[in-house]
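Student: Could we go through this model together? I would like to understand the words used for its strands and helices.

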Amino acid sequence: MASRPPSSAEPPETDDDLRIEPPMKRAAGLASVRSAFAHMHKHGHSLQSAVRILGQMNQTDGFDCPGCAWPDPDDRAALTEFCENGAKAAAWETTRRRLDWKFFQQYSIDDLARKSDYWLGLQGRLTQPLMLRPGSRFYEPIEWSEAFKRVANALKALDSPNEAIFYTSGRTSNEAAFLYQLFVRAFGTNNLPDCSNMCHESSGVGLGQTVGIGKGSVTLDDVHEADTIIVMGQNPGTNHPRMLTALQKAKKNGAQIIAINPLPEAGLMCFVNPKSPSQILTGGTQIADLFLQVQINGDVALLKALMCLLLEAEAKSPGDVLDEDFIGLYTEGFAKLRAHLGSQDVDALIDAAGVSSAELDKAVEIILRSRKTIVCWAMGLTQHKNGVGNVREIVNFLLMRGSIGMPGAGTCPVRGHSNVQGDRTMGIHDRPSKALLDRIQAVFGFDPPREPGFNTVEAIHAMLQGRAKLFFAMGGNFLQATPDTNRTARALQNCDMIVHVSTKLNRGHLVRGKWSIILPCLARSEVDQQAYGPQFVTVENSMGVVHSSHGHLKPAHPELYSEASIVAWLAEQVLGPETPVSWCWLIENYDRIRDLIAETIPGFEDFNARVREPGGFHLHNGARERKFNTESGKAAFTINPAPDLTLPDGTYRMMTVRTHDQYNTTVYGNDDRYRGIRGGRRVVFMNEDDMREAGLTAGTLVDITNDFGGEHRIAPRFTIVAYPIPRRCIATYFPEANVLVPLNKFAEDSYTPASKDVTVRLIPST
Ligand SMILES: Nc1nc2c(c(=O)[nH]1)N[C@H]1C(S)=C(S)[C@@H](COP(=O)(O)OP(=O)(O)OC[C@H]3O[C@@H](n4cnc5c(=O)[nH]c(N)nc54)[C@H](O)[C@@H]3O)O[C@H]1N2
Ligand SMILES: Nc1nc2c(c(=O)[nH]1)N[C@H]1C(S)=C(S)[C@@H](COP(=O)(O)OP(=O)(O)OC[C@H]3O[C@@H](n4cnc5c(=O)[nH]c(N)nc54)[C@H](O)[C@@H]3O)O[C@H]1N2
Ligand code: SF4
Ligand SMILES: [Mo]
């Protein structure tokens with residue numbers, strides 16, 4: 001095994017136990033229940049304690065699952081409203097293991113850098129503030145008061161507030177996020193990059209431009225009622241497992257499902273509901289009625305081809321396909337789109353998509369059954385250079401048939417982090433709207449900065465160029481979640497200070513600034529005790545439902561601060577008498593924060609009362625009512641060129657995906673059960689014909705390389721795995737392959753890094 005230099009920003013190679021099995025054809029079942037409890041056990045929980053903790057998850061008086069943003073059904077099952085991966089997230093967060101000062105005396109940052117991400121996460125919860133002094137290789141514990149003082153002094157010493165960057169990851173509650181953005185703006189900057197920049201930003205931008213709201217339009221009831229559900233660029237069996245229950249219910253009600261994906265993901269093919277004994281006996285529900293194995297980034301071509309076929313069907317049977325009334329009343333730009341589609345070569349589009357015309361005819365047949373169509377999507381569509389174009393093309397497709405703003409139809413971008421949507425609603429944004437800034441000014445009486453701040457890509461450039469010198473992260477793992485890992489590492493190393501508010505140790509803590517500080521915080525499942533008693537927080541799920549989350553567990557350590565109180569204490573010290581609010585008074589009782597949210601953010605009127613209703617409340621959504629909040633008040637058809645997919649000889653198009661055993665950069669285990677991978681993560685999924693042509697065999701070790709923007713990148717020693725993936729397409733896992741994702745290849749308009757389309761070469765390892 002090749003060894004890496006110490007302090008490497010990349011995970012070490014630890015694939016000694018790699019085993020390859022055939023991919024599975026169905027998801028969940030009893031294996032998922034076994035896996036859920038095995039993970040709880042691994043983190044020190046007895047069966048009894050596992051049942052107690054998981055039984056609270058997603059209940060109206062319990063804590064919100066720290067996993068994904070999929071909504072909870074109204075008819076929640078008592079005790080079992082969670083999935084295997086929700087259980088893994090809970091196990092990882094509620095672990096009984098603790099990191100004390102002895103651990104940090106024992107391991108230097110170089111020792112820790114040689115450990116795998118899995119090992120780092122297994123060590124337990126952070127319990128004390130930690131500091132890495134200039135020149136030292138060991139974190140040392142410090143008092144909270146000293147930690148706040150050092151961070152506050154470093155912030156105050158900057159020449160300009162714009163030299164500080166304040167990152168957020170999407171687990172932060174509404175209350176903490178609202179305070180955080182208020183503090184950052186009172187401090188004087190809009191430098192609020194967010195994990196959303198790397199995630200659904202393309203959806204937010206594309207939907208905002210076309211239907212006037214950067215969020216999806218459907219509710220869970222719509223999913224249950226739809227006649228056609230198209231799932232594109234998403235692997236729900238792993239990343240939103242309870243979505244399969246909703247799809248199963250939709251199918252029971254007569255829906256047909258089309259899956260569009262380069263991979264035949266097990267969860268898209270068949271789902272065995274682990275809660276149903278009859279399902280376990282009968283082998284489950286077939287999910288996709290039609291699987292379109294699109295090539296990577298072939299979606300614009302595919303959607304265009306579909307729309308051309310719909311126009312052909314309309315010509316044959318006028319009035320039956322298009323919703324002319326809807327188009328006339330609610331939209332603009334259709335004539336131009338129609339002319340554009342008329343000029344397209346449908347066979348060439350089908351070819352570019354990589355599917356057959358018979359398959360597309362089948363898709364049209366399904367779609368024409370009714371107008372109640374929903375399109376769901378995730379990272380397979382947003383993380384492309386044309387990510388915004390992908391989303392606008394979905395909107396074109398839905399608008400043509402009036403499939404929006406009616407029961408059972410609409411847009412469904414399926415969000416990642418459990419409160420990523422809420423964080424945005426609370427004002428975490430590098431490009432805040434004028435309306436938000438005006439409200440902040442009216443409510444708090446200070447003039448917030450008006451110029452745009454840095455998004456993630458811009459933040460990395462600013463740090464590289466020395467224009468930003470202090471990096472503060474409210475959660476997350478910026479180092480490994482961002483593209484071009486080694487460049488990001490250099491950017492972070494350029495900082496005078498790096499501050500992480502974190503629950504667990506991750507590799508991001510090991511790439512140091514001149515000073516590095518870790519502030520450990522409470523997790524959502526824990527009691528958040530403040531002056532007025534235990535506080536609950538609120539979150540917004542993927543379908544715009546705002547609800548409460550109540551932590552019941554004993555905190556991992558008595559001295560942990562909540563994220564909201566960390567912001568408050570810091571704000572108090574940084575802003576001093578200039579402060580717009582009394583921060584420490586606010587955190588005595590989070591109702592006070594919610595009252596300010598109610599005053600500032602539209603849709604949160606009477607917040608404290610409404611969020612106490614069981615299940616919370618739905619935020620208003622214009623698109624759901626066909627009120628399109630665009631400049632013209634109409635939904636916009638747009639023209640989106642299909643990307644040029646020609647590849648230089650000898651190169652492949654690589655997408656970076658998640659395994660079944662990880663949560664973004666958190667590695668729960670080294671298996672990817674559904675895809676047949678055990679005991680390792682450095683694998684490349686490849687088409688067998690491509691392997692033959694390149695003289696590669698299964699098990700060969702290759703270095704993956706690329707050159708982009710004058711930089712040569714290399715990710716060494718990945719094992720080739722033969723897989724049913726389209727020709728010239730390959731897949732690797734995030735974050736191991738992030739070193740290859742070019743910083744400067746991102747979606748137009750949204751800056752979302754193109755992590756699903758990286759041009760690479762494969763070179764046998766020496
Ligand atoms: N257990 C677990 N749950 C999670 C997460 C996790 O890491 N683990 N992460 C959370 C977060 S933050 C997010 S954003 C979501 C992510 O949820 P997903 O978007 O489902 O995550 P990915 O693994 O990135 O999967 C992308 C899917 O898109 C497909 N794909 C890739 N490129 C293309 C393309 O060009 N076209 C099409 N049509 N398909 C393509 C891939 O084959 C894969 O099935 O999940 C959330 N939930
Ligand atoms: N190549 C490639 N890169 C990608 C992606 C991809 O598909 N491919 N996906 C992108 C996407 S969609 C996303 S959302 C980003 C994710 O980017 P991030 O959100 O930055 O990354 P995570 O891995 O989710 O962050 C994990 C860390 O958060 C901390 N943490 C966990 N819970 C809490 C909490 O409650 N409070 C606090 N303060 N800290 C907590 C822990 O220390 C943990 O180590 O990655 C992006 N990067
Ligand atoms: S579907 Fe998502 S939110 Fe629901 S239990 Fe699973 S991981 Fe948690
Ligand atoms: Mo995400």
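Tutor: Happily! Two strands count as paired if DSSP finds at least two bridges between them. Keep in mind that this is a predicted model.

Student: What makes β30 and β31 a pair?

Tutor: Set the count against the cut-off: β30 (residues 701-708) and β31 (residues 711-722) are joined by 7 bridges, and at least two are needed, so they pair. The two strands run antiparallel, and D707 of β30 has H712 of β31 opposite. With 2 residues between them, the strands form a hairpin. G709, in the turn, has a positive phi of about 60°.

Student: How do you know that β30 pairs with β33?

Tutor: The reasoning is alike: there are 4 bridges between β30 and β33 (residues 758-764), and the cut-off is at least two, so this is a pair too. The sense is antiparallel, and T705 stands opposite R761 in β33.

Student: Why are α15 and α21 called roughly parallel?

Tutor: Their axes cross at roughly 15°. Angles under 35 degrees count as roughly parallel, and therefore the name fits α15 and α21. The axes of α15 (residues 299-316) and α21 (residues 387-400) come within 9 Å, and the crossing is left-handed.

Student: Which residues make the contact between α15 and α21?

Tutor: On α15 they include V300, L303 and L306, and on α21 they include I394, F397 and M400. By class, the contact has 9 nonpolar, 2 polar and 3 charged residues.

Note on methods: Residues numbered from 1 in each chain as written. Chains lettered and ligands numbered in written order. Predicted model: local features only at pLDDT ≥ 70, side-chain atom pairs only at ≥ 80, totals over all residues. Heavy atoms only, no water. Axes fitted to C-alpha atoms, helices over the stretch in contact; angles between N-to-C directions. Parallel < 35°, antiparallel > 145°, perpendicular 65-115°, else oblique. Left-handed = near helix turned anticlockwise from the far one by under 90°. Contact = heavy atoms within 4.5 Å. Nonpolar A, V, L, I, M, F, W, Y, C, P; charged D, E, K, R; others polar.
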